[in-house]
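Below are notes on the model, set out as numbered points. Please read them alongside the coordinates.

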Amino acid sequence: MALVRILEVEPLAGFVVRLKLTNGEEVERNLGPLLHGPIFEALRLDESRLRQVRAMDGTLVWPGGVDLCPDTVIWGGLPPSDAAASAA
């Protein structure tokens, strides 16, 4: 089974983005709870910087080398099949 990754991203209001995924689904995700730590400070404090998000190589990236793990963005953790395997 191929990993689901992010093809396109559209910033919406606040920290919410709409994602088009490689499996054909479109989902909305609130990135706010994922933006922890000093590397994300500029994104938390400046919505114009947050809106510079792009989909690249299946994940979300911003200028300056900031990115988010696609599994965390898409699933809120490991993909369902990986999570089940880790629990075993």
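1. The side chains of D71 and R5 are joined by a polar contact of 2.7 Å, a term used for N or O atoms within 3.5 Å where, within protein, one must be able to donate a hydrogen and the other to accept it, and where residues adjacent in sequence count only if both atoms are side-chain atoms. The pair also forms a salt bridge, with the closest N and O atoms 2.7 Å apart; that term requires a side-chain nitrogen of Lys or Arg within 4 Å of a carboxyl oxygen of Asp or Glu. D71 sits in helix 3 and R5 in the segment before strand 1, so the salt bridge ties together parts that are 66 residues apart in sequence. Helices (H or I, at least four residues) and strands (E, at least two) are DSSP runs, numbered from the N terminus.

2. On provenance, this is a predicted model, in which local features need pLDDT of at least 70 and side-chain atom pairs count only at pLDDT 80 or more, while totals for chains, interfaces and linings use all residues. Residues are numbered from 1 along each chain as its sequence is written, and side-chain values use heavy atoms, with hydrogens and water left out.

3. Are the two partners R5 and D71 buried or exposed? Both are buried, and D71 has a relative accessible area of 12%. The classes are buried for under 20% relative accessible area, exposed for over 50% and partly exposed in between, with a 1.4 Å probe and protein chains only.

4. The model has 3 salt bridges by this rule. R18 takes part in a salt bridge with E10, where the closest N and O atoms are 3.0 Å apart, and in another with E28, also with the closest N and O atoms 3.0 Å apart. R18 lies in strand 2 and E28 in strand 3, so their salt bridge links parts that are 10 residues apart in sequence. Through shared partners, E10, R18 and E28 form one network. R18 is partly exposed at 28% relative accessible area, as is E10 at 39% and E28 at 44%.

5. Which strands make up the open sheet, and in what order? The sheet has 3 strands in the order 1-2-3, with antiparallel pairing; two strands pair if DSSP finds at least two bridges between them. Strand 1 and strand 3 (26-30) are the edge strands, each pairing on one side only. From one strand to the next the twist averages 30°, with axes as lines fitted to C-alpha atoms (for helices over the stretch in contact) and angles from 0 to 180 degrees between N-to-C directions.

6. Strand 1 and strand 2 are antiparallel and share 5 bridges, with I6 opposite L21 of strand 2. Their hairpin has 4 residues between the strands, and G14 takes a positive phi near 60° there. Strand 2 is likewise joined to strand 3 by 5 bridges in the antiparallel sense. R18 has E28 of strand 3 as its bridge partner. That hairpin also has 4 residues between its strands, and G24 in the turn has a positive phi of about 90°.

7. In a regular strand the side chains alternate between the two faces of the sheet. Strand 2 shows this pattern: V17, L19 and L21 point to one face and are buried, whereas V16, R18 and K20 point to the other and are not.

8. The largest nonpolar core has 19 residues, and L19, L60 and W62 touch the most other members. Such a core is a set of buried Ala, Val, Leu, Ile, Met, Phe, Trp, Tyr and Cys residues joined through side-chain atoms within 4.5 Å. At least two residues each come from strand 1 (6-11), strand 2 (16-21), strand 5 (59-62), strand 6 (66-68) and helix 3 (70-75). Strand 2 gives the most, with 3 residues. Beyond its neighbours within four places in sequence, L60 has contacts (heavy atoms within 4.5 Å) that include I6, L19, V53, V66 and V73.

9. One backbone angle should be checked by eye. D57 is not a glycine, yet has a positive phi of about 50°. Most residues other than glycine have a negative phi. D57 lies in the loop between strand 4 (54-56) and strand 5 and is exposed, at 78% relative accessible area.
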